[in-house]
Each structure stands twice: as structure tokens, then as C-alpha cells.
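Student: I would like to go through the reasoning behind some of the labels used for this model. Could we take the terms one at a time and set each against its cut-off?

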Amino acid sequence: MREDLCDRISDDPDLDASDVEVKVQNGEVVLSGTVRERRFKHQLEVLAERISGVTDVRNEIRMYREQQQNEAKTSAGLSSSERSAAGTSSAAAGASGAATSMGATTPSETKNNESRRNAS
């Protein structure tokens, strides 16, 4: 069974299973290792299920970590360190903006305001 499955895997030109290990014991196939694309994980499982005599397939294949980190970054938009830096920048911008929006005045504006009050 193991040889048959390994032959089928190597016969598929679109399947990269270079870091995958295949174990077969009592009709159970255990697939382990890592792949770069999620579709490879599913293709390997389907190939194993089609082998005569296979009673069960345990797919323990994982995605490469670098790809998982990139997917997380893409789905979240920013990494946690980028979110932290952006939050700090936003807080600093908000603090300086708060002083302006609360009515901070320049010395010349203060002088003009005093002149208006005295004129009235």
C-alpha cells in the first residue's frame, strides 16, 4: 500500500510532497510533514483514500509556518507589531489634534481676543 501511494504521489506533476512522510500500518495511512499549499494537503488525502486496502487516513500534514504567518498578516491587514506602531502614531496624532480642537490659541489670537473684549 505504501509503495502504491508513493508511486501515485510521485506520478502527479502538480503535487509537491517533498516534505511529506507516508506511514501505513494495518490499513491505516498516516500522512505527516508540511506542504506549501493547502490544496496539496487535500490532494494527498484523496490519493491515499483511493489506494486498495486502505481503511482509514489520518492527515496530520501542516502548512509551512512562513505561509501561515503571511496569511494571518494578509487577513488581519497588519501584523501585531505594525498594529502597535500604528496605534502609537494614532495616539500621538490624536493628542496633538486634541489640543487644537480644544481651542488652543496662539499669542496673537489671545491679544486680539483681549482687544475685542476691551472694545466692547
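Student: Why is Glu37 called partly exposed?

Tutor: In this predicted model, Glu37 has a relative accessible area of 33%. Buried means under 20% and exposed means over 50%, with partly exposed in between, so Glu37 counts as partly exposed.

Student: What makes the pair of Glu37 and Arg39 a salt bridge?

Tutor: The closest N and O atoms of Glu37 and Arg39 are 2.7 Å apart, and a salt bridge requires a side-chain nitrogen of Lys or Arg within 4 Å of a carboxyl oxygen of Asp or Glu, so the pair qualifies. Arg39, at 42% relative accessibility, counts as partly exposed.

Student: Which residues are joined into one network by salt bridges that share partners?

Tutor: That network consists of Glu28, Arg58 and Glu60. Within it, Arg58 forms a salt bridge with Glu28, and their closest N and O atoms are 3.6 Å apart. Arg58 lies in strand 3 (residues 56-63) and Glu28 in strand 2 (residues 28-35), so this pair ties together parts that are 30 residues apart in sequence. Arg58 is partly exposed, with a relative accessible area of 36%, and Glu28 is partly exposed as well, with 24%.

Student: How many salt bridges does the structure hold, and where do Arg8 and Asp4 lie?

Tutor: The structure holds five salt bridges. One of them links Arg8 with Asp4, the closest N and O atoms being 3.6 Å apart; both residues lie in helix 1, four residues apart, which is about one turn of the helix. Arg8 is partly exposed at 33% relative accessibility, and Asp4 is partly exposed with a relative accessible area of 32%.

Student: Why is helix 1 called oblique to helix 2?

Tutor: Two packed helices are described by the angle between their axes and the distance between the axes. Helix 1 (residues 2-11) and helix 2 (residues 38-49) pack at an angle of about 140°, with their axes 10 Å apart. Angles over 145 degrees count as roughly antiparallel, and those of 65 to 115 as roughly perpendicular; an angle of about 140° falls in neither range, and helix 1 is therefore oblique to helix 2. The crossing of the two helices is right-handed.

Student: Which residues meet where helix 1 contacts helix 2?

Tutor: From helix 1, Leu5, Arg8 and Ile9 meet Leu44, Leu47 and Ala48 of helix 2. The residues of this contact divide into five nonpolar, no polar and one charged.

How values were computed
Residues are numbered from 1 along each chain as its sequence is written. This is a predicted model: local features need pLDDT of at least 70, side-chain atom pairs count only at pLDDT 80 or more; totals for chains, interfaces and linings use all residues. Side-chain values use heavy atoms; hydrogens and water are left out. Axes are lines fitted to C-alpha atoms, for helices over the stretch in contact, and angles run from 0 to 180 degrees between N-to-C directions. Angles under 35 degrees count as roughly parallel, over 145 as roughly antiparallel, 65 to 115 as roughly perpendicular and the rest as oblique. A crossing is left-handed if the near helix is turned anticlockwise from the far one by less than a right angle, and right-handed if clockwise. Contact means heavy atoms within 4.5 Å. Ala, Val, Leu, Ile, Met, Phe, Trp, Tyr, Cys and Pro count as nonpolar, Asp, Glu, Lys and Arg as charged, and the others, Gly among them, as polar. Buried means under 20% relative accessible area, exposed over 50%, partly exposed in between (1.4 Å probe, protein chains only).
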